[in-house]
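Dear colleague,

I am passing on the structure below, and would be glad if you could look through it alongside the notes that follow.

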Amino acid sequence: MILDLDIGNTLSKWRLKDANSSEIRSRGAVWTREEWRPGSDIPDLDVVEAVRISSVARKTVLQETVSLLRRKVGAVHVAHSAPEALGVINGYKEPERLGVDRWMGALAGYQLAGGCCAVDCGSAITIDFVLPGGRHLGGYILPGLRLMKESLKLGTRNVAIDPDSEAEELLAPGRRTVEAVNHGIYMAAVSAINRVYAEVCDTEGVALPLLMTGGDARVVSRGIQVPHAVWPDMVYGGLEACFPLTAAERAGRMSGAPYVPVPVSLEKIRAGLAFSMLL
């Protein structure tokens, strides 16, 4: 089995992948902690032959995790942001300072779509752009839905947005404080993504495929105005592309990769942007 780890600031997500069939056997998540230890909520390391890790947690968390795993598992692969990889040129002035989860998403998106806008809706919402040809432009970071809610300190932090809510409902004025907060932060998130996407596509003269991942991608995607795909395993896809361990991965097939819808034309993007600027 292959254990893939996506260690975030809040949650550490994992999945077990069959090394022969490339099938996903199980998956889960635990709270990120200083000392990562196997338990009832973490897979049995006795069945694991290789581990791949993407981590944005504190260095001590990664060091502890790698130390433990290397005592139990033969091969441990740790992803790092680099100046260039898999045909993508990192747009950061200091490439190593780009969050590795963003780098994995950019690499996976480029392998799948040959240029993309990669949006990760987690604790923070990150938006990264890779042009056809592999030039990573850099990106944007804004607070995620939960961080925005917590910042208001109105006692609504534990009342989550229903992921099955329709966008029209979430964009309507709230009739209770909790609704006003949820609808307000939702409006802020989707408006930012829609506007940033249009602005960058307009500036660069290209209509890019839009790919979304992260815990809140499902609900945020309902308010996105252009064709897009939700890819829960996008960070894992970057790990697969960087460290291919199965026959399918070596052939360039990433698990769970979605169908990528054709973007709307650049003319339509520009027309929508011009209209929004008149309002």
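**The second largest pocket**

In the second largest pocket, α5 and α9 (266-278) each contribute at least two residues to the lining, and the largest share of that lining, seven residues, is the part that comes from α5. Please keep in mind throughout that this is a predicted model. The space in the second largest pocket comes to about 430 Å³, and of the 19 residues that line this pocket, those closest to its centre are N194, A198, Q225, G272 and S276. Sorted by class, the lining of the second largest pocket consists of 11 nonpolar, six polar and two charged residues.

**The cavity**

How many cavities of 30 Å³ or more does the count give? The count comes to one cavity of 30 Å³ or more, and the largest cavity holds about 60 Å³ of space. Its lining is made up of D101, R102, G105, A106, A118, V119, D120, T126, D128, T213, M234 and V235, which by class amounts to five nonpolar, three polar and four charged residues. At least two residues of the lining of the largest cavity are supplied by each of α2 (100-113), β8 (116-121), β9 (124-130) and α7 (234-242), and α2 gives the most, with four residues.

One of the lining residues, A106, has its place in helix α2 and is buried, with a relative accessible area of 0%. For a sense of its position with respect to a residue elsewhere in the chain, A106 and R195 are separated by 89 residues in sequence and by 20 Å in space, C-alpha to C-alpha.

**Annotated positions**

Two of the residues that line the largest cavity, D101 and D120, also carry annotations, and in both cases these come from an unreviewed UniProt entry: D101 is covered by "active site", while D120 is listed for "binding site". D101 is placed in helix α2, and if residues up to four places away in sequence are not counted, D101 touches S54, V56, D120 and V235. D120, for its part, lies in strand β8 and counts as buried, at 17% relative accessibility, the cut-off for buried being under 20%. On the same basis of not counting residues up to four places away in sequence, D120 touches D101, I125, T126, T213, G214 and V235.

The "binding site" annotation of the unreviewed UniProt entry further covers D6, I7, G8, N9, T10, L11, S12, K13 and S123. Although these positions are spread over 118 residues of sequence, they cluster in space, with a largest C-alpha distance of 13.5 Å.

Three members of this set can be described in more detail. D6 is found in strand β1 and counts as buried at 11% relative accessibility; leaving aside its neighbours within four places in sequence, D6 is in contact with L11, S12, K13, S54, V235 and Y236. I7 is likewise found in strand β1 (residues 2-7) and is buried, with a relative accessible area of 1%, and I7 and V100, though 93 residues apart in sequence, are 10 Å apart in space, C-alpha to C-alpha. S123 is placed in the loop between β8 and β9 and counts as partly exposed at 39% relative accessibility; leaving aside its neighbours within four places in sequence, S123 is in contact with T10, P143, G144 and L147.

**Helix α3**

Which residues of helix α3 (residues 145-152) are buried? They are L145, M148 and K149, and seen down the axis of α3 these buried residues fall within an arc of 100°, so they line one face of the helix. In general, an α-helix has 3.6 residues a turn, so residues three or four places apart point the same way. What covers the buried residues of α3 includes β10 (136-143), α5 (177-204) and α6 (217-220), whereas R146 and S151, on the other side of α3, are exposed. Just after α3, K153 takes a positive phi of about 50°.

With best regards

Terms used. Residues are numbered from 1 along each chain as its sequence is written. This is a predicted model: local features need pLDDT of at least 70, side-chain atom pairs count only at pLDDT 80 or more; totals for chains, interfaces and linings use all residues. Side-chain values use heavy atoms; hydrogens and water are left out. On a 1 Å grid over the protein atoms alone, a cavity is a set of points where a 1.4 Å probe fits but cannot get out, and a pocket is an open set with protein on both sides within 12 Å along at least five of seven lines; lining residues have an atom within 4 Å of a point. Grid points are joined across faces, edges and corners, and a volume is the space filled by probe spheres set on the points. Ala, Val, Leu, Ile, Met, Phe, Trp, Tyr, Cys and Pro count as nonpolar, Asp, Glu, Lys and Arg as charged, and the others, Gly among them, as polar. Buried means under 20% relative accessible area, exposed over 50%, partly exposed in between (1.4 Å probe, protein chains only). The arc is that of the directions from the helix axis to the C-beta atoms. Contact means heavy atoms within 4.5 Å. UniProt positions are given in the numbering used here, feature names are shortened, and annotations may be inferred rather than shown by experiment.
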